[in-house]
Amino acid sequence: MNNPRTIRIDQYNYPLPDERIAKHPLQQRDACKLLMYRDSTISDHIFRELPSLLPAGTMLVYNNTRVINARLRFTKSTGAAIEIFCLEPKSPADYEQAFAARGECAWQCLVGNSKKWKEGVLAMDVHTESGTARLTAERLPDPPAADKSQSIVFRWDNSSLSFSDIISAIGEIPIPPYLNRKSEESDTTDYQTVYSHIDGSVAAPTAGLHFTDELLAEIDRAGIARREVTLHVGAGTFRPVKSDEIGDHDMHSEFIAVSRDFIAELAATVGNRPVVAVGTTSVRTLESLYHIGCLMAAGKWNGELPQWTPYDADESPLTAAEALTEIVKHLDAAGDSVLVGRTRIIIAPGYRYRIVDAIITNFHQPQSTLLLLVSAFLGDEWRHIYTHALGNGYRFLSYGDACLFYNHQQP
């Protein structure tokens, strides 16, 4: 496998006028445009046509993560506004336990206007349907992480309220920074997929925003299998590549959870039926499974897939089905029904896809790791495709239009 470390990120730039960035979604989610690229041909569609564009027997895999109200705004007695952006739980570290915590929990957070909060405790009153509480936030003495996030302990004086109750009442949904606007009430609904139900993300898996309940029902009637994985999207997904070469870019770590039964089904599916991933987060999860299985077979799995594993490891002799079966064996031996871990995988040109045959995705920012992932899937044709989209009125980024890409590596 070719090593992409020396790839220059400026090779993945393109002009994106601000007016082409969709600031809000269409009122009807599945009425957005859908660009399909297959067999070296571009065709223009509407998203609700998707069931007729997927091959018979397709397995459609999407990310069931739900965006949390991660942005908390405190006001000091001096009047200074302090924003705390909850990234991921620290104590308890388990997402489900952290949201269920009563009275106290700690999170890794980004702090806005931190110069105004050098010491002391922040506090605010919280009013929920289930009661009121006094919420406080206090820095822990841990040093800041590489991403400048800090450890914050939250405490509240009403043990009948969970942390989920607290942030649901006072938190704001964290929309992408490139929208250049504040969160609005409509984002509470607009920035969630209709199938989201596992709390944990601070950014939506936006390719899934185009689905409606009616479209999902039509997909079911078409005999397309729908399956779920979980990847909690971190704020790092918006972090631009600031280094000249991507070898100097440090990928963020993200939590994944995939059921044992799905992995076993996927092992029987891959290579026999098309696997279509909804969004880059589903792609990252599915492709990570292959490399996790290889690490397990070699006795080297430690709970997190390193960024460069696909390129540094010797070419594995395992097929995709064999690697997935290794995970099933590992889980069965441990008595676990779910694979839980973290991934830092970077998918860039030179990567060979093992699981995913097609991707449903949006149009991505210039010079982003997501555009690298798409380029690894499409080859140099991504430029032609994006030029077509810019010239034909497609809307870009999170609230924009969609694409259906078939892998150029496939026969």
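**Stop 1: a pair of strands**

Select Val258 and Leu339: Leu339, in strand E16, is the bridge partner of Val258. What you have open is a predicted model, so treat this as a walk through a prediction. Now widen the selection to residues 254-259, which are strand E13, and residues 338-343, which are E16. Six bridges join E13 to E16, and the two strands run antiparallel. If sheets are new to you, here is the background: strands of a sheet pair through backbone hydrogen bonds, either parallel or antiparallel.

**Stop 2: the sheet around that pair**

How many strands does the open sheet with mixed pairing have? There are 10, and you can trace them in the order E2-E1-E18-E17-E14-E3-E12-E13-E16-E15. Look for E13 and E16 side by side in that order. Then colour the two edge strands, E2 at 41-46 and E15 at 304-305. Each edge strand pairs on one side only.

Next, select helix H10, residues 369-378. H10 lies across three strands: E1 (33-38), E17 (358-362) and E18 (402-406). Compare its direction with E18, and you should find an angle of about 40 degrees.

**Stop 3: helices that meet H9**

Select helix H9, residues 320-334, together with helix H6, residues 260-269. Their axes are 8 Å apart, and the helices pack at an angle of about 155 degrees. How do H6 and H9 run relative to each other, roughly parallel or roughly antiparallel? Angles over 145 degrees count as roughly antiparallel, and therefore H6 and H9 are roughly antiparallel to each other. Their crossing is left-handed. To see the contact, show side chains for Arg260, Ile263, Ala264, Leu266 and Ala267 of H6, then for Ala321, Leu324, Thr325, Ile327, Val328, Leu331 and Asp332 of H9. Sorted by character, the residues of this contact are nine nonpolar, one polar and two charged.

Keep H9 on screen and add helix H7, residues 280-297. H7 and H9 pack at about 65 degrees, with their axes 8 Å apart. The crossing of H7 and H9 is also left-handed. Among the residues of H7 that meet H9 are Leu289, Tyr290 and Ile292, while the H9 side includes Ala320, Ala323 and His330. The residues of this contact divide into 10 nonpolar, two polar and one charged.

**Stop 4: the six-stranded sheet**

Move on to the open sheet with the order E5-E6-E7-E10-E9-E8, where the pairing is antiparallel. Which strands sit at its edges? They are E5 and E8 (122-128), each pairing on one side only. On average, neighbouring strands of this sheet are turned by 40 degrees against each other, direction ignored.

Zoom in on E5 (residues 71-75) and E6 (residues 81-91), which are joined by five bridges. Arg73 stands opposite Glu83 in E6. E5 and E6 form a hairpin with five residues between them. Click on Gly79 in the turn, which has a positive phi of about 95 degrees.

On the other side of E6 in the strand order comes E7, at residues 104-112. Seven bridges join E6 to E7, again antiparallel, and Pro89 has Trp107 of E7 as its bridge partner.

**Last stop: the helix over this sheet**

Finish with helix H3, residues 163-170. H3 lies across E5, E6, E7, E8, E9 (131-139) and E10 (150-156), and runs at about 90 degrees to E8.

Technical notes: Residues numbered from 1 in each chain as written. Predicted model: local features only at pLDDT ≥ 70, side-chain atom pairs only at ≥ 80, totals over all residues. Heavy atoms only, no water. Axes fitted to C-alpha atoms, helices over the stretch in contact; angles between N-to-C directions. Helix = DSSP H or I, 4+ residues; strand = E, 2+ residues; numbered from the N terminus. Parallel < 35°, antiparallel > 145°, perpendicular 65-115°, else oblique. Left-handed = near helix turned anticlockwise from the far one by under 90°. Contact = heavy atoms within 4.5 Å. Nonpolar A, V, L, I, M, F, W, Y, C, P; charged D, E, K, R; others polar. Pairing = 2+ DSSP bridges.
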